[in-house]
Amino acid sequence: MEKKNDIIRCAIYCRKSVEKGLDMEFNTLDAQREAAEAYIASQKANGWVCLPEHYDDGSFSGGNLNRPALRKLLLDCEAGKVDVIVVYKIDRLSRSLCDFADLSRSFEKWNLAFVSVTQEINTQTSAGRMMLNILMTFAQFEREMIATRVKDKMAATRKKGKWIGGNVPFGYVAFEKRLYVDAEKAPVVRRIFNRYLEIQSPKQIAYELNQDGIKTVVGKEWCRQSIYNVLNNYTYVGKVFYEGHVYPGEQEAIIDDETWKLTQAMLKANSPRVDMRKQSASKAALSGLIRCGHCNGAMIGASSKRWGRVYHYYQCTKDKQRDVSICPIKEIRAGDIEGLVCEHLMPIIKAPEVVAAVSKLSGVRPKDVLNTFEEGFWDELTTLEKKRLMQIMLESVVVNEDDVTIEFRTDSIKSIQEAYNAPQNP
């Protein structure tokens, strides 16, 4: 690498995954930097000089690029302040093959070299670049293998009924990796179950607990969801729930089997409205795209049943939260707004370049593709297919009192044009 005045500016990047040991007088980050400085000093004859800036990320994983020192280093590289990045090992920079591939493209764009001290890799040479790709592949494999081992270990531990850590359930205390019943809080758990069997109102139970000054396991007030979390937790019946299966647990039960079975049966009997909300959300093809132009709030899919028929609509979330409705939009029929959006989408879908691109990718004649896009195409799509198509083609849909503003995604249209203009495969 040739630079002005034969000076090659080298930046050292260091990383440590865990916080332990960082408070030592000479820690891992210091050791990495010392090794990198020695390497740079060995290249003094080639004009290499070490920049004084420290790019150190302590207690940051190499699984992603969201690290403050790394971001600062990349900004300095893009600004032309660095010629070579020096690291102790490749995985100090990144453990993700995809992330490193992105970094490599940026390095090439910035005319930047990369050096790994202990692995003797220098991307200034073709052999170094080849070895880098090989080692990064193995680094990715090692990371995925470790993740798989951890997951398998957790699964085996749960199947044995052991507690694997995390938040300690209300009513228990943790000691030496085991759960023990908390004599002071266990009666509160029994109270929650018994009251639910009496009144079947999690909201009222939460209110009563808060009135008595009882806090949750994290010191907050009780709410409807926190009550449901207790009522659905297998821990209280002395069991462990893992990936759809229930196993006997090591911990002592707080709730007897009969109370648990009655509670689960009652929860199931009282859950139709929850299921209807999920069904409504699944039928909302414009979910995440449609907003209220008056309140600037998201509009979510909802449904109601009248005279034996189910009606689907989109409802303004901000208006829903008010005691009195003041939104002129309030709600709009799902069929009306989705039909309007479809009318604006179909001309784009039936455009010559789209038809040609679909024909090229599918091997179907353009005429047959166009026939498929004719009347009835939208009605034949499933809800998920409609949703996927809208997510690809639309940026947003804003519903106002007198009109609807539909904004298309220009990047999607551009990608279609690129597919149309791309050369045919031989």
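Here is a short conversation about a predicted model of a protein.

Trainee: Where in the protein is confidence lowest, and where is it highest?

Mentor: Happy to start there! The protein averages a pLDDT of 80, and 79% of the residues score at least 70. Over residues 273–282, pLDDT stays under 50, and the model has six contacts beyond four places in sequence for them. Confidence is lowest in helix 10, at a mean of 45, and highest, at 94, in strand 2.

Trainee: Which residues of helix 16 are buried, and which exposed residues does the opposite face carry?

Mentor: Helix 16 spans residues 383–393, and its buried residues are K386, L389, M390 and M393. These cover an arc of only 95° around the axis, so they sit on the same side of helix 16. The face turned away from that buried side carries the exposed residues L384 and R388.

Trainee: Which residues does L389 touch, leaving out those up to four places away in sequence?

Mentor: Good one to look up in the structure. L389 has its place in helix 16, and L389 is among the buried residues there. From L389 to L345 the C-alpha atoms are 9.5 Å apart, though 44 residues separate the two in sequence. With residues up to four places away in sequence not counted, L389 touches I349, W378 and L381.

Trainee: Is C77 buried or exposed, and how many disulfides does the whole structure have?

Mentor: A residue is called buried under 20% relative accessible area. C77 has 2%, so C77 is buried. C342, at 11%, is buried too. As for disulfides, a search of the whole structure finds zero.

Methods:
Residues numbered from 1 in each chain as written. Predicted model: local features only at pLDDT ≥ 70, side-chain atom pairs only at ≥ 80, totals over all residues. Heavy atoms only, no water. Buried < 20%, exposed > 50% of the residue type's maximum accessible area, 1.4 Å probe, protein only. Helix = DSSP H or I, 4+ residues; strand = E, 2+ residues; numbered from the N terminus. Arc of directions from axis to C-beta. Contact = heavy atoms within 4.5 Å. pLDDT = per-residue confidence, 0-100. Disulfide = S-S within 2.5 Å.
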